[in-house]
Amino acid sequence: MVRLGGDHVYAVVQVKNKTEMPRHYHNGLDVESTEEVDKAYQTVLEEADKWGLYKPTRPIEQHGTYSFLFWDMDGNCWEILSNPPRGYTWIFEQGALAGRGH
């Protein structure tokens with residue numbers, strides 16, 4: 001995970017051949033509530049044909065947030081989630097960590 005001077009965090013993974021983005025390498029957009037996640041989900045369903053959106057997952061609770069995924073016409077995976085204020089910055093506030101997943 002990396003960030004540049006703010007609270008927005010990117011998970012960066014290098015790939016050799018461009019294919020549909022696997023869900024593990026998704027882009028995340030934080031919203032303030034579960035209601036906003038549900039509203040975004042309905043918008044994705046309603047606008048899917050117009051914007052080439054596909055494979056929407058239903059919103060669920062996972063890894064401490066309420067979220068859903070979908071893919072855009074370029075094969076990029078997106079997650080809309082109700083993250084806590086300042087997103088995943090709490091991970092960085094723990095300091096340097098070692099071991100699997102760090």
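1. Let me start with the rings: the count comes to two aromatic pairs. The rule takes rings of Phe, Tyr and Trp (its six-membered ring) as paired if their centres lie within 6.5 Å, with planes under 30 degrees apart called stacked, over 60 edge-to-face and the rest tilted. Please keep in mind that this is a predicted model, in which local features need pLDDT of at least 70, side-chain atom pairs count only at pLDDT 80 or more, and totals for chains, interfaces and linings use all residues. Residues are numbered from 1 along each chain as its sequence is written, and side-chain values use heavy atoms, leaving out hydrogens and water.

2. One pair is Tyr 41 with Phe 68: the ring centres are 5.2 Å apart and the planes stand at 75°, so the pair is edge-to-face. Tyr 41 lies in helix H1 and Phe 68 in strand S3, 27 residues apart, so to speak of distant parts of the chain being linked is fair. Helices (H or I, at least four residues) and strands (E, at least two) are DSSP runs, numbered from the N terminus.

3. Phe 68 also pairs with Phe 70, with centres 5.9 Å apart and planes at 25°, so this pair is stacked. Together, ring pairs link Tyr 41, Phe 68 and Phe 70 into a cluster. Phe 68 is buried at a relative accessible area of 0%, and Phe 70 counts as buried at 9%. Here buried means under 20% relative accessible area, exposed over 50% and partly exposed in between (1.4 Å probe, protein chains only). Tyr 41 is buried as well.

4. What does Tyr 41 touch, leaving aside its neighbours within four places in sequence? Tyr 41 is in contact (heavy atoms within 4.5 Å) with Pro 56, Thr 57, Arg 58, Pro 59 and Phe 68.

5. The largest nonpolar core has 10 residues in all, including Tyr 41, Phe 68 and Phe 70 along with Val 31, Leu 53 and Ile 80. Such a core is a set of buried Ala, Val, Leu, Ile, Met, Phe, Trp, Tyr and Cys residues joined through side-chain atoms within 4.5 Å. Helix H1 (34-51) and strand S3 (65-71) each supply at least two residues of this core, and H1 gives the most, with four.

6. Now for the sheet, which is open and has four strands in the order S1-S4-S3-S2, with mixed pairing. Two strands pair if DSSP finds at least two bridges between them. Strand S1 (27-31) and strand S2 (60-62) are at the edges with a single partner strand each, so one side of each has no neighbour in the sheet. From one strand to the next, the twist averages 40°.

7. Strand S4 (residues 77-82) runs antiparallel to S3, joined by five bridges. Across this pairing, Trp 71 stands opposite Cys 77 and Phe 70 opposite Trp 78. The two strands form a hairpin with five residues between them, and Gly 75 in the turn has a positive phi of about 85°. S1 and S4, by contrast, run parallel, again with five bridges, and Gly 28 stands opposite Glu 79. Five of the six residues of S4 are buried, so this strand is largely enclosed by the rest of the structure.

8. One last side-chain detail is worth a look: the charged end of Lys 55 sits over the ring of Trp 71, 4.3 Å from its centre. The criterion is NZ of Lys or CZ of Arg within 6 Å of the ring centre and within 35 degrees of the ring normal.

Note on methods:
Axes are lines fitted to C-alpha atoms, for helices over the stretch in contact, and angles run from 0 to 180 degrees between N-to-C directions.
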